[in-house]
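Q: I'd like to take a close look at one part of this protein at the bench. Could you help me read it from the model?
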Amino acid sequence: MTPPRGSKGPRSGNRKPGGASKGSRGSEESSRGRGGSGSPRREDGRPQKGSDGPRRGPGGASRPVGASRPGGQGGRPAGNRRLSRREEAERARPVGVEELKSRLENRGFKLTEEELEKLATFHRLLIERNRSINVTRIFNLDDIVDKHYVDCLIIQRFVPNLPEPLLDIGTGGGFPGIPLKIVNPDLHIILGEGVRKRVDFLRDVRDELKLEKLDIIGRNIDKDFEYPVSGVITRAVESVTDTLKRSKNCLVPGGHVYFMKGPNVDEEMEEAEKRLGSLYQLADDFPYQLPGTPYRRRLVVYRKLAPPTQDKP
């Protein structure tokens, strides 16, 4: 899709294999450091010590974006903290295709050999770079498989045909965008991330895995982002209302926003209905549990309504 003249989004251009177009690369470079405050944070699993669980406040409400807690800014542990021997061993241990295949099939997911190879490469890059840029707080392989890979891939059991372009807001280390891209090589996906080190990591992943039709926007996605997309997806703990506001100028009428949430999202949905009911309509609400785990999830889907037509005089 070619963005309209004057739109604020990825530009079209000649694409090199495995990379973004020249124009989109230029937009990425020029947008570095423009993140500012309000960048969505990640929601990856049920709260537990040392895991990437949803950051929740009293009553199960999402912690406000950017809210800090002991151990690191924005709810993340300090990047230079000392690791336990177990965490060091998990980071250092290589993971092969067969091991990933076995663990995923144990959860009911069968990937092709090519997809497994790409996922294993992504896993290696994730572990290698995590030490310096804090991509994820999960170190145990079982938890990474369940709370990252399965958590992303399971979405297509409910939405087999994702719309495109699909914008992943607040993608962090590439979740859910990278796993979804690996199993949907022809799907046009846009990753939005405001932290420069993570943007560099995502570019390296794209180049290493030779992922085409994958654009990376090195900025926070806000109401000024106007590149037209047919779908938005996010695992961020930002409220439903705030994410819908971010999406309103880029999501086309009839497009969908997919929220990968924990089970306690009803209050957020009620607030969204009160404040944005004239712009968005609840389309689906899928409660589910990650296979073989106690972790409960909900995939909440909103559809953007067409603007009201005005009668001609």
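Which residues point one way from β3 and which the other way, and are they buried or exposed?

A: Happy to help. This is a predicted model, where local features need pLDDT of at least 70 and side-chain atom pairs count only at pLDDT 80 or more, while totals for chains, interfaces and linings use all residues. Residues are numbered from 1 along each chain as its sequence is written, and side-chain values use heavy atoms, leaving out hydrogens and water.

Leu214 and Ile216 point one way from β3, Asp215 and Ile217 point the other way, and all of them are buried. Buried means under 20% relative accessible area, exposed over 50%, and partly exposed in between (1.4 Å probe, protein chains only). Strands (E, at least two residues) and helices (H or I, at least four) are DSSP runs numbered from the N terminus.

Where does the strand sit? β3 (214-217) is an edge strand, as is β6 (280-289), and each pairs on one side only. Two strands pair if DSSP finds at least two bridges between them. The open sheet has 7 strands in the order β3-β2-β1-β4-β5-β7-β6, and its pairing is mixed. From one strand to the next, the twist averages 20°. The neighbour of β3 is β2 (residues 189-192), which runs parallel to β3 and is joined to it by 4 bridges. Asp215 is the bridge partner of Ile190, and Ile217 is that of Gly192. Helix α7 (residues 196-209) packs on the sheet, where it touches β2 and β3, and its direction makes about 165° with that of β3. Such angles run from 0 to 180 degrees between N-to-C directions of lines fitted to C-alpha atoms, for helices over the stretch in contact.

At the other edge, Tyr280 lies in β6. Tyr280 is buried because its relative accessible area is 2%. Leaving aside neighbours within four places in sequence, Tyr280 is in contact (heavy atoms within 4.5 Å) with Leu244, Ser247, Lys248, Leu251, Val257, Tyr302, Arg303, Lys304 and Leu305. His256 is 24 residues away along the chain, yet its C-alpha atom is separated from that of Tyr280 by 9.1 Å.

Now for the interior. The largest nonpolar core has 51 residues, and those with the most contacts inside it are Leu104, Leu119, Phe122, Tyr149, Ile178, Phe201 and Leu299. Helix α4 (residues 113-133) contributes the most to this core, with 8 residues. A second, separate core of 22 residues includes Val257, Phe259, Met269 and Val300. A nonpolar core is a set of buried Ala, Val, Leu, Ile, Met, Phe, Trp, Tyr and Cys residues joined through side-chain atoms within 4.5 Å.

The 21 residues of α4 reach 29 Å from the first C-alpha to the last. Among the buried residues of α4 are Leu116, Leu119, Phe122, His123, Leu126 and Asn130. Beyond its neighbours within four places in sequence, Leu119 is in contact with Leu100, Leu104, Leu111, Tyr149 and Ile182. Just after α4, Asn134 takes a positive phi of about 55°. Helix α5 (residues 141-153) is mostly covered, with 12 of its 13 residues buried; Tyr149 is one of them, and so are Asp143, Lys147 and His148.

Technical notes:
Expected span 1.5 Å × (residues − 1).
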